[in-house]
Amino acid sequence: MKAWILEEPKKLRLQEFGPTALIENKVKVKIEEVLFSSTDYDIYSGASKRTYPFIFGRNAVGAVSELGDKNSTLLQKLDRVVIEPYIPCDGCDECRDGNYQDCSNMQELGHNCNGLLQNFIDLPYALLYKLPDKLSNEKALFVSYVAFCLNIVDSLNLEKGRHIAIFSSTKTGLILAQLVAYYQAVPVFISNKDELLDIARDLGVFYCFNPEKTDVEHEILMITGGRMCSELVYFSDSDFKMKDVYNAAAVNANICLAGYSNKDSNLSVAQICQKHLKIFGVYNGAGNFSSAINLLVTNTVNVDIFIGDVINFSTLDKEISSVTPEDLMLKSKIIKV
């Protein structure tokens, strides 16, 4: 077994481990592809702090290599699987009530515990989802992003024809915009990245604005007939003035703060109180992997535009050193194991 160990920011070491005995309730998976995204780059570069040594890699697909107990799962040897990185603790009140997606001590592979950048890994059956033949490995790497956006959709009050403001500096917002349109609401995509706005238009998103070039409050006032947006999503790894978010919101609006980030936003208590705004967070895609796979198989969500160049696992340390954040803004890299 081999794994790339991040010893310190931008310093990787390939380590080989001896074979381990597979315990009864786990599956040995041969990792085939790992996604390298902007969030993974932040971990690699040290912008997102970790305790070292650390194995990153949050999204991966692989093939079943060995089963600990063939009677405990419908999976078979050589089945292609996508890995759900979210591991509930089984001990908190939410887990005891069966609400595992709301676990208060959730671990996430490659985020707050060692991840998937290795050639073999032993995982619980519950974290593995068999992939349909029609879904490629490359597309399946984005299952967790679609599941995450589905959890955002589930948290909102989506109604046919309702305008949903999406503030995003990353491509995840484009996945959410596609889902909002699929559920017959109207996405209003707001980004300070013109490249993302161009892709949004190509995907059929009609209302696209750059707050650095356009008066977003005026535009939303016009397209909503003065009602503004009752549902808004702010991706926490984005760079926007919170004033623009508040100005786009109707009285009694719901604002979803989505994702995790090292960035701090200055929330205005006065604005929140004066408009009676309800603010809540959505952190991950736990609980929606099966639905996300179906949406990718049917091409309801198009992720082809996000699939970038291949990096070889064996020469990862050399190839990854030349990757920049700008390289990953529109397309994630694929690490072939």
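## Exercises on salt bridges and a helix

In this predicted model, the side chains of Asp93 and Arg96 form a salt bridge, with N and O 2.4 Å apart.

**Exercise 1.** Determine where Asp93 and Arg96 lie along the chain, and decide whether Asp93 is buried, partly exposed or exposed, and likewise Arg96.

*Solution.* Begin with the position: both Asp93 and Arg96 belong to helix α2, which covers residues 93-96, and they are three residues apart, which is about one turn of the helix. Next, recall the cut-offs, by which a residue is buried under 20% relative accessible area, exposed over 50%, and partly exposed in between. Asp93 has a relative accessible area of 49%, so Asp93 is partly exposed. Arg96, in contrast, has 57% relative accessibility and therefore counts as exposed.

**Exercise 2.** Find the salt bridge that joins Asp198 to Arg201, and work out how far apart these two residues are in helix α6.

*Solution.* First, look at the side chains of Asp198 and Arg201, which meet in a salt bridge with an N to O distance of 3.2 Å. Then count along helix α6, where Asp198 and Arg201 are three residues apart, so that about one helical turn separates them. Finally, consider accessibility: Asp198 is partly exposed because its relative accessible area is 43%, and Arg201 is partly exposed because its relative accessible area is 42%.

**Exercise 3.** Identify the buried residues of helix α6, and explain why they are on the same side of α6.

*Solution.* Start with the helix, which runs over residues 194-202 and whose buried residues are Leu196, Leu197, Ile199 and Ala200. These residues cover an arc of only 160° around the axis, and therefore they are on the same side of α6. Now ask what they pack against: the partners of the buried residues of α6 are α5 (172-182), β11 (186-190) and β12 (207-209). To complete the picture, look past the end of the helix, where α6 is followed by Gly204, a residue with a positive phi near 95°.

**Exercise 4.** Decide whether Thr172 is buried or exposed, and list the residues that Thr172 touches, not counting those up to four places away in sequence.

*Solution.* Locate Thr172 first, in helix α5. Its relative accessibility is 11%, and so Thr172 counts as buried. Once residues up to four places away in sequence are left out, the residues that Thr172 touches are Tyr145, Phe148, Cys149 and Phe235.

Conventions:
Residues numbered from 1 in each chain as written. Predicted model: local features only at pLDDT ≥ 70, side-chain atom pairs only at ≥ 80, totals over all residues. Heavy atoms only, no water. Buried < 20%, exposed > 50% of the residue type's maximum accessible area, 1.4 Å probe, protein only. Helix = DSSP H or I, 4+ residues; strand = E, 2+ residues; numbered from the N terminus. Arc of directions from axis to C-beta. Contact = heavy atoms within 4.5 Å. Salt bridge = Lys/Arg side-chain N within 4 Å of Asp/Glu carboxyl O.
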